[in-house]
Amino acid sequence: MRVVLKYGGSSVATIEKIQKIAEYIIGLKEKYEDVVVVVSAMGKTTDRLISLAKEITENPSQRELDSLMATGEQQSIALLSIALNSKGQKAISLTGFQAGIRTSGVHTKNKIESISSDSIEGYLKNGNVVIVAGFQGINENGDITTLGRGGSDTSAVALAAALNCECRIYTDVDGIYSVDPRLYPKAKFLDRISYEEMMEMANLGAGVMETRAVELGKKFGIPIFVGRSLSEIGGTYIMEKNVALEEKLVTGISITKEIVVTTISNIPFSSENIAKIFSIIDGCGLNINMITQNLNKYMRAELSFSSQLSEKYLLNQIIDKIRADFPECDINLCEHLGMLSIVGVGMINNSGIAGKFFSVLSKNGINFYQITTSEISISCSIDRENIQKAVEAVAQEFSL
């Protein structure tokens, strides 16, 4: 048997924690013949590295930022390997490149294209625990790349798919809850959740898992376990919806606390112009949500979309390019908002949920602005100051 384990930054934040993980892995070797471990950078290392770059310039080269950020995981893998070897367990650390992880896309937001597992298989065959740097790979130009926030989850699930085994994600929470317990302490613990619901919740702001990781799990049928580091109790399985628990109307709430809504108006309307704007957005690697378009009687379009406030540096690049191509357009940013979403596969076969959702917001004096829906989710932007009140009201309404 084999398994891929993933430890987040908080789980490897200190040498003491790394030593305890090493002991746990040695014990796990009695059950699993092959163990691959993916680790993130220690604690807040990535944030610290980004801060160093921004002390030099607010807009550092994305290529150089990748090279800088990748050093965080290299510290973690080397230290965990040293810890294992010192306790008598053969181990070897591998960067993303050494592990055969090939990527493509824009720097700081690459996507995994393929994994050649030959190197890992060779080390496993020789009795090593293989420790791989999460969050990183190498592109066709030989440049070090990173996969964006939460990218270590993606690395772990992709490796599990390549090695055809289960993936266990260990973090600083017991598993997945219907609502972030920090916002709503009465949130219900979920033993199981479908890939579809978890993808939607992650995409809409739930920070426990990364969207692409869940997407890969679904694509390759990889069971994903999410639980607290070093704990033997609790944990949530992400799996096919026909295996998960009975369908509820709403399974959970996702929150993105800080979004910016960009409104571009006075655009000469044509399909080509609208497509050009979205090509600029795609080219800069900005993830957007809640897209709306209006057209007035003078054939001028107004386009709005939301994005995370933390990625405003990418948004600024986009705005500069749009203004260069459409000098007559007006661009307005609204930065005081958050995004509230409800998710549940039960929505597919039940009407009236949207009315119930918006009614409870209205009854509590909470204004909502942009709205977007999918088959299993409803999202809206609200004033950031109302997030806590909105979460409590919606959670109570849907018994979450």
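Two strands are taken to pair if DSSP finds at least two bridges between them, and in this predicted model eight strands form, by that criterion, an open sheet of mixed pairing whose order is S3-S6-S2-S1-S9-S13-S14-S12. The edges of the sheet are strand S3 (91-94) and strand S12 (192-194), each of which pairs on one side only, and neighbouring strands are turned against each other by 20° on average, direction ignored.

Within this sheet, strand S13 (residues 224-228) and strand S14 (residues 236-239) run antiparallel and are joined by three bridges, and Ile224 has Ile238 of S14 as its bridge partner. Helix H1 (residues 15-28) lies across four strands, namely S1 (2-7), S2 (34-39), S6 (129-133) and S9 (166-171), and runs at about 170° to S1.

From the sheet we turn to the packing of nonpolar side chains. The largest nonpolar core has 46 residues, of which Val4, Ile120, Val132, Met198, Met209 and Ile238 touch the most other members; Ile238 is thus named here as well as in the bridge to Ile224. Helix H5 (residues 151-163) gives the most to this core, with six residues, and the core draws at least three residues from each of domain 1 (2-172) and domain 2 (252-398).

Around Val4, leaving aside neighbours within four places in sequence, the contacts include Val36 and Val38, together with Ala156, Leu159, Ala160 and Leu163, and also Cys165, Glu166, Cys167 and Arg168. A second core of 27 residues is separate from the one just described, and Leu340, Val360, Ile387 and Leu400 are among its members.

Conventions: Residues are numbered from 1 along each chain as its sequence is written. This is a predicted model: local features need pLDDT of at least 70, side-chain atom pairs count only at pLDDT 80 or more; totals for chains, interfaces and linings use all residues. Side-chain values use heavy atoms; hydrogens and water are left out. Helices (H or I, at least four residues) and strands (E, at least two) are DSSP runs, numbered from the N terminus. Axes are lines fitted to C-alpha atoms, for helices over the stretch in contact, and angles run from 0 to 180 degrees between N-to-C directions. Contact means heavy atoms within 4.5 Å. A nonpolar core is a set of buried Ala, Val, Leu, Ile, Met, Phe, Trp, Tyr and Cys residues joined through side-chain atoms within 4.5 Å. Buried means under 20% relative accessible area, exposed over 50%, partly exposed in between (1.4 Å probe, protein chains only). Domain bounds come from an automatic or database domain assignment.
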